[in-house]
Every structure is written in structure tokens, then in C-alpha cells.
Number of protein chains: 2
Amino acid sequence: MKAGFPFLKEVFNSINTLPEVCSVELRNLAIEHEYAKFDYFAEAGEQVYSIGFVTEGLFRAFYRSSGGDEYNKTFFMPGSFIAPLTALVRGKQNQINLQALIPSRLLIFPYDQFTRLYDRYPELERLVRIVIQQEWAKKEEREIALVTQTARSRYETFLADHPGLEEEIPQYHIASYLGVTPIHLSRIRAEMAGR
Amino acid sequence: MKAGFPFLKEVFNSINTLPEVCSVELRNLAIEHEYAKFDYFAEAGEQVYSIGFVTEGLFRAFYRSSGGDEYNKTFFMPGSFIAPLTALVRGKQNQINLQALIPSRLLIFPYDQFTRLYDRYPELERLVRIVIQQEWAKKEEREIALVTQTARSRYETFLADHPGLEEEIPQYHIASYLGVTPIHLSRIRAEMAGR
DNA sequence: CGGGCTCATTAACATGGGTTAAGAGGGCTC
DNA sequence: GAGCCCTCTTAACCCATGTTAATGAGCCCG
């Protein structure tokens, strides 16, 4: 039961130390859930109420355009928060799909109960603020890369940032993350190998 | 003296109500500074120590590539926080230029003293968390738009999101924000007018 | 072992947007 | 009013990347 919780506690404490009572409340709030390959934690079109913490496996966040094309925004490795944040924050219908790419496990928290803990544990709110700040900084880097770098150098950055991930998932997921077609990624790979 | 402070207080209270003592401390911490057109609040290459709040005018955040090309990330209207957040959070050298596009005014806070207030005023930390969450959501939308939409529809979105701004700044700033050359923006405009 | 899958590669062609260059219009200053 | 600078536009050409289509490799399953 809640086998992933010690891992969560370890990750949280490395960001901002929480009082023991707060950890206990978090543990009581969490449910642990297992995801098979291709299962969804959240889907576009739904109302959403939860945030998750990845304890095992791998997820992706992707956006599906009206034409049906998919664009991968982020990969989530163990130790990350995973949440349809925009929908939760704005109370709007979710636009972002969160899907397991391999068999995975999450600790899941009801968002309203989680945020209600902020009132009693400012340490938790601080932890969340810090995590979101870091995510904001990552997004800034990615935004700049998308506009100023070529697809090839974004691929090189991806390889450096996600060691080993290339072997675990199909290349079209990586292409989608880079914002190019699988055909073009294939060309880039040919070009990199050829010289 | 600190003419912009009532405006800051109004904006802050519309996000999360702060205790009066906290407002007083904030006011004591702030210095007000005037910026002429093209003055910088922060420049790439510096160490940075402050966050600002725009009370009048207009700023842009831009990234300058190694080749010297500029890419505009954000425009800051009155009522916004403005800060080189990535550099502040990571303690690294700043990469992002923050520049006034018209004569402007900021309320400026030393970042370390501002964040130290979080310990005594969780309400302030909550306010910051909420603001950053909203900014994160905006960045998500922008990221998706950059990858999935054509330059023309990004321009249409820009016009809807920034009413009136087009008349205030040169078009090359808008082009840069859209991630295209001024030449191409001109083509888009011709195409939109022609039909 | 043969027939479908899925995924990656390759080629031919199409297109969005970059680059270079030239010119036009508006607003300065002297 | 002449010259100058800054901004925007237009045109010609070029390249990165998308699209469509065909081929091949690996794999699963009956």
C-alpha cells in the first residue's frame, strides 16, 4: 500500500522540508494508481480534479490539434509532479492529455484537498511555489529553443537532457516533442550519422 | 514619492488580500524608478537582484542569440510583475533583457528581501504562487501556439491579446514576438488586407 | 512460416518563411 | 526644402521542413 510514498517524501524534502504532520496528511490524502502502457491520467475535454506524482514509469503530456495532430510538450520521469495545471488553475476544461508510455505508477492527490493543506502548511505552499518556478524556467528555455534553434540542435539538446529516453520510446514521440515530423527527424539522424 | 504604490496594492489585493503590515513593509522596501525609452531594467550578462512591478509604460523581455538576433518573449503592461526569474531562481547570470519601449515607471524590490517576507506573510507567498501559476499557463498556451499554429494565426492571436499595442510599437517588435522576420509579417499583413 | 501489424527510412515534390536588395514614405534636423 | 534616418513594403531567390508515397525491417500471432 502506497509503496511510492517514501520516494515522494524524499523528493519533497530535498526541495523544502515539511513538518511530519504534513507528510502524514499527504500520505492519507494520496491514493496510488497503476497505469498500463497508453493509459491516461488525464484527457482533453474532461473536467480535472487531481494532481499526480510519478513514482515509476514514464508519462507524456501532449496537445492534440483540431486536425488531430499530436504535439508532445513534456516527458515526465519518476520524481516529477504531473498535473493538468492550466485546467486546474483556471477551472476550465482540460486541453492536455497525460498518458503513460510504459507501465507506470502515480500517487494521486485531489487538487482541492491538496491546496487546502497550504493554509495549515505554508512549507507545502513554498514547495509548490519552488517547483512551479523551476518549471517556469524550463519552459522559458524551451520557448527560446523553439524559436531560435534549428530542429537539429533541439534534437541534440533533447539527447543531452533525456539520456536513455531515446531507446525507450518510438522516434515519432521525440519528433513530436521537437516540433517536427518523424520524416524530418529521420533526415536529421541520417545527416548526423553520415558525418 | 512612490506614486505607483496604490496601484500595486490594488492589483495585489485583487489576487490575494495581504495584511496591512505586509503592505507597509512592501512599501518600505520598494523604490520607484523612472525609465526613458530604451532604458534597461535588466540586461543579459549581469547578475540580477531585483524584481519590478510595472506602474506605467511598457517593457519587453527579449533574448539575444549568439548571432545577435533578438527574439521578443513577452510584453509587460502596467500591473505586471517584471523579473529575470530564471536568473534569480537559479542564481545564474541573466540571459534575458528587460527594456522599456516607451517612458515607463517601475516599483523595484530587492529579491532577497522580498522573498524573506514570505516567512512572515504566507499571504504574499501565495500571491506569488498564484501569479507564477498564471504565467505558467500563459507560457503553455504560447508554447503550443508556436508549434501548432501558423505565423498568421499567431499574429491574429497577438492582435486579440494585446489590443492597441500594435499602434504603440514598431512592427519589427511584433514580428520578433511572433518568431518571424519583419519582412514576413509585412507579407502576412498584405495578405490579410488584400482579402 | 506467412500475413499483418508498427515503425523507420528514403525520394520527389510543395510550401512557409528566411535572405538580400531596392524603393517608398514619414519625420527629423539644419 | 534637402538630406538623412528609421520603418515598412515588395520582389526574387533560396532553404528548411512538410506532404505523400513507396519500401523495408522487425515483430507478433495464428
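Student: Hey! Which polar backbone atom is 2.6 Å from a phosphate oxygen of DNA strand C?
Tutor: That one belongs to A:Gln171. The pair fits the cut-off for a polar contact, which is two N or O atoms within 3.5 Å; within protein, one must be able to donate a hydrogen and the other to accept it, and residues adjacent in sequence count only if both atoms are side-chain atoms.

Student: Before I go on, what kind of model is this?
Tutor: It is a predicted model, in which local features need pLDDT of at least 70 and side-chain atom pairs count only at pLDDT 80 or more, while totals for chains, interfaces and linings use all residues. Residues are numbered from 1 along each chain as its sequence is written, chains are lettered from A and ligands numbered from 1 in the order in which they are written, and side-chain values use heavy atoms, with hydrogens and water left out.

Student: Cool. Which side chains have an N or O atom by a phosphate oxygen of DNA strand C?
Tutor: A:Tyr172 has one at 2.9 Å from a phosphate oxygen, and A:Ser186 has one at 2.8 Å.

Student: And which of the 16 residues around DNA strand C come nearest?
Tutor: Those are A:Gln171, A:Tyr172, A:Ser186, B:Thr181 and B:Arg187. A residue is near a strand if one of its heavy atoms lies within 4 Å of it. Of the strand C atoms within 4 Å of the protein, 62% belong to sugar or phosphate and the rest to bases.

Student: Which element gives the largest share of that surface near DNA strand C?
Tutor: α9(A) does, with five residues. At least two residues each come from α8 (171-178) and α9 (182-193) of chain A and from α9 (182-193) of chain B. Helices (H or I, at least four residues) and strands (E, at least two) are DSSP runs, numbered from the N terminus.

Student: Now the other strand. What comes nearest around DNA strand D?
Tutor: Of 16 residues, the nearest are A:His184, A:Arg187, B:Gln171, B:Tyr172 and B:Ser186. Sugar and phosphate make up 65% of the DNA strand D atoms that come within 4 Å of the protein.

Student: How far from a phosphate oxygen of DNA strand D are the polar side-chain atoms of A:His184 and B:Tyr172?
Tutor: A:His184 has one at 3.0 Å, and B:Tyr172 has one at 3.0 Å. For B:Gln171, a backbone N or O atom lies 2.6 Å from a phosphate oxygen of DNA strand D.

Student: What rotation superposes chain A on chain B?
Tutor: A rotation of 180° does, with 0.0 Å of shift along its axis and an RMSD of 0.1 Å. That is the relation of a two-fold axis. The fit is by least squares on the C-alpha atoms of residues with pLDDT of at least 70 in both copies.

Student: Which residue of chain A comes closest to the rotation axis?
Tutor: A:Arg129, whose C-alpha is at 2.5 Å. Both copies use the same surface, as 97% of the contact residues of chain A recur in chain B. Contact means heavy atoms within 4.5 Å.

Student: Switching topic: is A:Thr55 buried or exposed?
Tutor: A:Thr55 is buried, because its relative accessibility is 11%. Buried means under 20% relative accessible area, exposed over 50%, and partly exposed in between (1.4 Å probe, protein chains only). A:Thr55 sits in strand β3 (residues 50-64) of chain A, and its contacts beyond four places in sequence include A:Phe7, A:Glu32 and A:Arg105.
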